[in-house]
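I set out to record how the helices of this model pack and where its pocket lies. The entries follow in the order in which I looked things up.

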Amino acid sequence: MEVSKNRIAAVLILRLVLGFIFLMQGYGKVFTMGVENVYNSSFFLETYQDLLPNFITYATAYFTSYVELVGGLLLVLGFKRDYALYGLGLVLVVVTFGHGLASPIWDLSHVLFRLIPMATLLILPQQWDRISLDALLSKN
C-alpha cells in the first residue's frame with residue numbers, strides 16, 4: 001500500500017516536535033541545570049519530603065531527566081521509536097502521579113501537550129514513519 005506524502009510528513013513532524021520537546025527538557029535538566037540541582041530544587045525536595053521516601057524522589061529526578069534526554073534523542077533520530085515512546089510514556093505517568101500527589105488540582109498542560117502526540121504516534125501505523133533510522137535500517 002502506498003502511503004501518502006502527507007501521512008509521512010505528519011508522522012515525521014509529530015515525532016520530531018515531540019522528540020525535541022523531551023530532548024530539550026532532558027538536556028536542560030542534565031546539562032544546564034544539573035540533575036542534582038533538579039533534585040535539590042524547591043519543587044522536588046520541599047514538595048515531597050513528607051510524602052515520599054528521599055530515595056524515591058532522588059531516583060525520580062534522575063530517571064525522568066535521563067529518560068527525557070535519551071528518549072527525546074531517539075525520537076528525533078527515529079531509532080527504536082516505540083521503545084522511546086514507552087519510556088517517555090512512563091515518565092508522563094510518573095510526572096502525573098507526582099504532580100497529583102503534590103497538588104490534586106494542577107495544570108495538566110504539562111502532560112497533555114506531550115501525551116496527545118505520543119498517543120497519536122503509537123496509534124498511527126509505524127509504516128508511515130518512513131523518514132527515520134528505523135525505516136532505513138529495516139531496508140537492509
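Entry 1, a working term. I count two residues as in contact when heavy atoms of theirs lie within 4.5 Å. I also keep in mind that the model is predicted.

Entry 2, overall make-up. I looked up the secondary structure and found seven helices and zero strands. Read from the N terminus, the order of elements is α-α-α-α-α-α-α. I then took the extent of the C-alpha trace, which is about 55 × 30 × 20 Å along the principal axes.

Entry 3, H1 against H5. Which residues of H1 meet H5? I find Val11, Arg15, Leu18 and Phe22 on the H1 side, and Arg81, Leu85, Leu88 and Leu92 on the H5 side. By class, this contact holds six nonpolar and two charged residues, with no polar ones. The two helices pack at about 50°, and their axes are 12 Å apart. Because of that angle, I record H1 as oblique to H5. The crossing of H1 past H5 is left-handed.

Entry 4, H1 against H6. I next took helix H1, residues 5-33, with helix H6, residues 109-123; their packing angle is about 135° and their axes lie 10 Å apart. H1 and H6 are therefore oblique to each other. Their crossing is left-handed. From H1, the contact draws on Val11, Leu14, Arg15, Leu18, Ile21, Phe22 and Gln25. From H6, Phe113, Arg114, Pro117, Met118, Thr120 and Leu121 take part. I sorted the residues of this contact by class and obtained nine nonpolar, two polar and two charged.

I noted that Val11, Arg15, Leu18 and Phe22 of H1, listed against H5, also appear in the contact with H6.

Entry 5, H5 against H6. At what angle do the axes of H5 and H6 cross? The value is roughly 150°, and the axes come within 10 Å. Angles over 145 degrees count as roughly antiparallel, so H5 is roughly antiparallel to H6. This crossing, too, I entered as left-handed. On H5, the residues in contact are Arg81, Asp82, Leu85, Tyr86, Leu88, Gly89, Leu92, Val95 and Thr96. They meet Val111, Arg114, Leu115, Met118, Leu121 and Leu122 of H6. By class, I list ten nonpolar, two polar and three charged residues for the contact of H5 with H6.

Entry 6, the largest pocket. I turned from packing to open space and looked up the largest pocket, whose volume is about 560 Å³. Of its 24 lining residues, Lys29, Phe43, Phe44, Val95 and His99 are the closest to the centre. Val95 is also among the H5 residues that meet H6.

Which helix gives the largest share of the lining? I find that H5 does, with seven residues. At least two lining residues each come from H1, helix H3 (42-48), helix H4 (54-77), helix H5 (81-102) and H6. By class, I count 13 nonpolar, eight polar and three charged residues in the lining.

Entry 7, for the record. H1, H5 and H6, whose pairings fill the entries above, each supply at least two residues to the lining of the largest pocket.

How values were computed. Residues numbered from 1 in each chain as written. Predicted model: local features only at pLDDT ≥ 70, side-chain atom pairs only at ≥ 80, totals over all residues. Heavy atoms only, no water. Axes fitted to C-alpha atoms, helices over the stretch in contact; angles between N-to-C directions. Parallel < 35°, antiparallel > 145°, perpendicular 65-115°, else oblique. Left-handed = near helix turned anticlockwise from the far one by under 90°. Nonpolar A, V, L, I, M, F, W, Y, C, P; charged D, E, K, R; others polar. 1 Å grid on protein atoms, 1.4 Å probe; cavity = no way out; pocket = protein on both sides within 12 Å on 5 of 7 lines; lining within 4 Å. Points joined across faces, edges and corners; volume = space filled by probe spheres on them.
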